[in-house]
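Please walk through this structure with me, starting from its internal spaces. Then come the charged pairs, one loop residue and the nonpolar cores.

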Amino acid sequence: MRFHFFKLFTLLPSFFILSNAKAQSLTALKTEYLTQPIGLDNAQPRFTWQMNDDSQDAKQTRYRILVDSDSSILTKEKANTWNTGWVKSDRNLVIYSGQSLKPFTKYFWRVDVTNGKQQTFGKIASFEMGMMNMANWQGTWISDSENIKLKPAPYFRNTFSTSKKVKSARAYVAAAGLYELSINGKKIGNHRMDPMYTRFDRRTLYVTYDVTNEINQGKNAIGVLLGNGWYNHQSTAVWDFDRAPWRNRPAFCLDLRITYEDGTVETIKSGQDWKTALSPIVFNSIYTAEHYDARMEKTGWNTTNFDDKDWKEVINRSAPSKNIVAQAMHPIRNVEEIPTRVMKKINDTTYLFDLGRNISGVSKIAISGPAGTIVKLKHGERLYPNGRLDISNIDAHYRPTDNTDPFQTDILILNGKGRQSFMPHFNYKGFQYVEVTTSTPINLKKEDLSGYFMHSDVPVAGEVKSSEEVINKIYYATNNSYLSNLFGYPTDCPQREKNGWTGDAQIAIETGLYGFDGITIYEKWLADHRDEQQPNGVLPSIIPTDGWGYEWGNGPDWTSTIAIIPWNIYLFYGDQKLLADCYENIRKYVNHIDETYPTGLTTWGLGDWIPVKSKSPVELTSTCYYYADVVILAKAANILGKKADFEKYTALAEKIKKAFNDKYLDQQKGIYGSGIQTAMSVPLYWKIVPEESVSLVAKNLAKQVEADGFHLDVGLLGTKAILNALSENGYPDVAYKIAAQKTYPSWGWWMQNGATTLYENWPIDAKSDISMNHIMFGEIGAWLYKSPGGIMPDESQPGFKHIKLTPHIVDGLNSFEASHTGPYGKIVSAWKKTATGVNYHIVVPPNSSATINLPLIRDMDIFVNGKITYNSKIELAAGTYAISHKGSNIK
């Protein structure tokens with residue numbers, strides 16, 4: 001391979017400085033992948049931690065975990081609940097196996113480790129158990145007595161008194177629908193859209209809040225505002241959620257458990273002593289918008305002195321399901337406030353606000369005007385040539401029965417009592433622009449409206465920096481689209497659908513896991529899979545679902561999420577739990593395909609969705625995914641000690657591979673099918689190509705890409721495969737030319753046309769399938785880590801215990817840096833071309849190791865921390881490394 005190096009600015013001196021510090025500590029102490037969580041149900045929670053040890057070859061040789069309900073005992077290096085003693089192990093993921101944990105109990109834990117030379121004592125962390133068992137609920141499920149067709153959202157309230165000093169207080173809230181909880185007039189917490197969406201009649205989530213500081217000595221008031229969410233879907237669209245089998249008027253159950261300083265416990269609970277009234281939210285739909293009539297506000301409705309004599313009695317309701325479990329996951333929040341970038345006045349009653357970027361979330365307006373003034377806030381992604389808002393690209397599947405529920409349009413009716421602010425409670429949208437129209441002229445300023453980027457608030461785990469600006473823009477847009485489609489489950493788009501399309505999610509899984517710590521979201525979503533799977537193994541194409549998607553859109557190319565996502569969680573976290581939890585589900589799914597398609601070839605699936613121009617046979621792509629599922633199943637069987645299954649499914653995988661290649665591979669020519677990009681790249685990516693044919697098939701794929709002008713000619717499935725198939729098989733330069741392409745069709749073409757998110761279709765002027773915030777073409781985000789960054793997990797030592805580093809130095813890119821914080825800490829792979837070669841900056845986190853594969857370059861030597869080495873495959877222990885290719889005859 002030939003490289004062209006350019007004279008660049010000298011790197012900052014700190015770039016390659018090796019640290020001599022010896023600071024040692026333990027960080028990132030988490031229980032169930034959460035920091036100091038409360039309200040857990042898992043009786044065997046998982047503990048994880050990281051070493052903060054910058055010494056070279058830092059390793060954990062032993063650990064000790066101490067758990068007790070009394071934190072002071074832990075400071076004495078003792079524990080009554082669980083004391084592992086010193087365990088000889090380098091593991092940093094340990095499953096609790098001490099005394100039975102008790103509901104409602106707070107536990108403290110610490111982990112101590114040795115690195116072979118000295119002990120490192122951890123700080124004390126905590127976790128708290130929740131209900132743990134349905135029988136521990138004391139409250140009653142309550143609702144108002146209204147019909148499901150009634151539009152206004154209900155308020156609920158109750159008062160209680162405390163005479164003793166409060167030590168701690170926890171509110172446990174389960175709901176069918178959505179809710180906001182308040183105590184003494186104050187909204188509790190900063191979560192949005194609690195609880196997360198599930199198949200309500202099979203699994204319902206509850207959330208725990210620490211409300212210790214909100215309880216007053218004396219009289220207190222509790223308020224609950226209920227929203228419809230996906231439970232009482234009143235808007236009509238093609239997916240028939242308005243006919244969901246669980247649909248009913250929203251309901252909730254609440255236990256407020258107060259522990260007093262004297263050790264006594266009192267539970268304030270939902271029941272028939274509560275009262276209810278309708279709120280100013282006169283309509284709320286998670287699918288369309290929210291309507292609010294400020295003239296109906298009940299000031300102080302959730303405070304102690306409010307007069308509720310005219311409020312109605314509540315009714316008891318049965319629980320929506322028999323499986324009410326803790327919501328142990330990162331919540332949805334308003335993560336980022338985005339001020340309006342530009343405001344244009346269209347006329348005296350119409351203004352257009354432009355946030356400058358496409359987001360998922362809500363807008364907030366501050367406005368004053370005469371009582372009865374109607375303010376409409378219409379949200380969308382693009383404009384007509386005349387500057388007015390155009391939503392024709394995102395309302396395609398909406399089927400309104402009248403004009404009372406306009407799409408993505410909040411409606412506010414002012415009360416005339418001065419300046420007021422409005423932000424919807426139970427809705428989110430996908431938008432860049434907000435067109436505000438008022439029924440009477442009102443003067444608005446740019447500062448009067450802001451947007452809030454809203455999504456599951458998962459911690460950032462990765463970063464990419466590049467010398468090529470279009471690559472930086474693509475990475476930024478990819479992350480925006482990934483987060484815009486993370487709302488307790490992965491979705492396809494935040495405006496038109498909000499559905500958990502399985503195909504989009506399997507494509508984006510690596511992008512998500514490189515960039516974000518999303519395990520809690522995926523564990524919840526795979527529980528949704530288990531809820532939705534039919535007895536014969538079939539899964540729907542959208543999850544959760546009301547029943548739509550079992551007959552269309554599913555198949556191995558889409559619903560392989562049941563195997564692909566648990567497998568990737570295993571690779572990224574080294575955690576077997578999800579793989580074990582889903583094992584029988586994967587097996588049932590594979591068995592169903594095997595029984596239905598005994599030849600080993602399957603035509604079940606959607607195929608390469610939204611291709612540029614060339615469409616591959618569905619049988620070709622679906623059989624590759626079927627093969628991938630069977631391979632994962634066989635590997636899972638081996639990991640979990642299921643020998644007979646390992647042998648059975650290994651044999652099935654070989655059968656599928658032979659049948660596939662017999663039909664589709666021209667072995668002499670090295671061509672699959674007609675030789676188009678998807679037909680060539682998908683078999684390479686899923687490794688169904690015979691080993692002896694890989695080189696020729698990859699060569700022909702590269703030729704096909706060159707014939708296509710280094711542009712994409714793929715749909716969704718091909719997008720997942722093509723960059724990886726090229727990079728992993730000797731053609732990273734060709735892959736990079738596609739990735740950095742700036743003309744149609746390409747990711748860069750979108751960027752050149754102002755995109756801040758990824759689109760649903762390659763042509764930006766497409767007449768259909770043109771959501772401007774889709775994640776389905778988002779594999780490029782993961783590819784940046786894997787190819788120019790070169791960071792890959794090793795399935796033989798998963799969770800980045802051992803890191804495979806193969807950075808690709810490509811023409812057209814002068815420098816690149818990728819970092820990913822895995823279970824052991826931050827991995828860094830950076831390189832920069834210089835006048836004499838290439839400098840690499842590599843960080844291998846403590847307690848892990850890496851193997852770096854560097855290209856052999858003629859007339860160049862490899863140096864590691866200043867010392868020459870004659871190997872291009874270098875084993876690295878934990879530490880920081882300055883590696884370089886140096887030579888004098890560079891062309």
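The lining of the largest cavity holds 12 nonpolar residues, three polar ones and no charged ones. This is a predicted model. The volume of that largest cavity is about 120 Å³. In total, 15 residues line the space, and those closest to its centre are Leu-178, Pro-195, Tyr-197, Trp-230 and Ile-286. The structure has four cavities of 30 Å³ or more.

The second largest cavity contains about 80 Å³ of space. Its lining has another make-up: five nonpolar residues, two polar and four charged. The charged ones are Glu-180, Lys-187, Arg-192 and Asp-194. Also on the wall are Tyr-179, Leu-181, Ile-188, His-191, Met-193, Tyr-209 and His-425. Strand S13, residues 178-183, supplies the largest share of this lining, with three residues.

Now turn to the salt bridges. The whole structure has 50 of them. Take Asp-201 and Arg-199. Their closest N and O atoms are 2.7 Å apart. How exposed is each partner? Asp-201 is partly exposed, at 28% relative accessible area. Arg-199 has 7% relative accessibility, so it counts as buried, the cut-off being under 20%.

Glu-463 and Lys-465 form another bridge, with an N to O distance of 3.9 Å. That value lies within the 4 Å limit, so the pair counts as a salt bridge. Here Glu-463 is partly exposed, at 39%. Lys-465 is partly exposed too, at 44%.

A third bridge joins Glu-619 to Lys-663, at 2.6 Å from N to O. This pair ties together distant parts of the chain, 44 residues apart. Glu-619 sits in helix H9, residues 618-639, and Lys-663 in helix H10, residues 643-664. Glu-619 has 12% relative accessibility, so it counts as buried. Elsewhere, shared partners turn salt bridges into a network: Glu-32, Arg-46, Glu-523 and Asp-575 are joined in this way.

Next, look at a loop. Which residue sits between helix H2 (469-484) and helix H3 (502-515)? Asp-492 does. Is Asp-492 buried or exposed? Asp-492 is buried, with a relative accessibility of 1%. Its contacts, leaving out residues up to four places away in sequence, include Asn-485, Glu-497, Lys-498, Asn-499, Trp-501 and Asp-504. Asp-492 also touches Asn-773, His-774 and Ile-775. Val-166 is 326 residues away from Asp-492 along the chain, and their C-alpha atoms are separated by 46 Å.

Finally, the nonpolar cores. The largest one has 216 residues. Trp-747 and Ile-883 have the most contacts inside it. Helix H9 gives the most to this core, with 12 residues. H9 is also the helix that carries Glu-619.

What does Ile-883 touch, neighbours within four places in sequence aside? Its contacts include Val-838, Asn-839, Tyr-840, Ile-842, Ile-852 and Leu-854. Ile-862, Phe-863, Val-864 and Leu-876 are in contact with Ile-883 as well. Apart from the largest core lies another, of 27 residues. Among its members are Val-166, Ala-171, Ile-188 and Leu-256. Two of these names have come up before. Ile-188 also lines the second largest cavity, and Val-166 is the residue whose C-alpha atom is 46 Å from that of Asp-492.

Note on methods: Residues are numbered from 1 along each chain as its sequence is written. This is a predicted model: local features need pLDDT of at least 70, side-chain atom pairs count only at pLDDT 80 or more; totals for chains, interfaces and linings use all residues. Side-chain values use heavy atoms; hydrogens and water are left out. On a 1 Å grid over the protein atoms alone, a cavity is a set of points where a 1.4 Å probe fits but cannot get out, and a pocket is an open set with protein on both sides within 12 Å along at least five of seven lines; lining residues have an atom within 4 Å of a point. Grid points are joined across faces, edges and corners, and a volume is the space filled by probe spheres set on the points. Helices (H or I, at least four residues) and strands (E, at least two) are DSSP runs, numbered from the N terminus. A salt bridge is a side-chain nitrogen of Lys or Arg within 4 Å of a carboxyl oxygen of Asp or Glu. Buried means under 20% relative accessible area, exposed over 50%, partly exposed in between (1.4 Å probe, protein chains only). Contact means heavy atoms within 4.5 Å. A nonpolar core is a set of buried Ala, Val, Leu, Ile, Met, Phe, Trp, Tyr and Cys residues joined through side-chain atoms within 4.5 Å.
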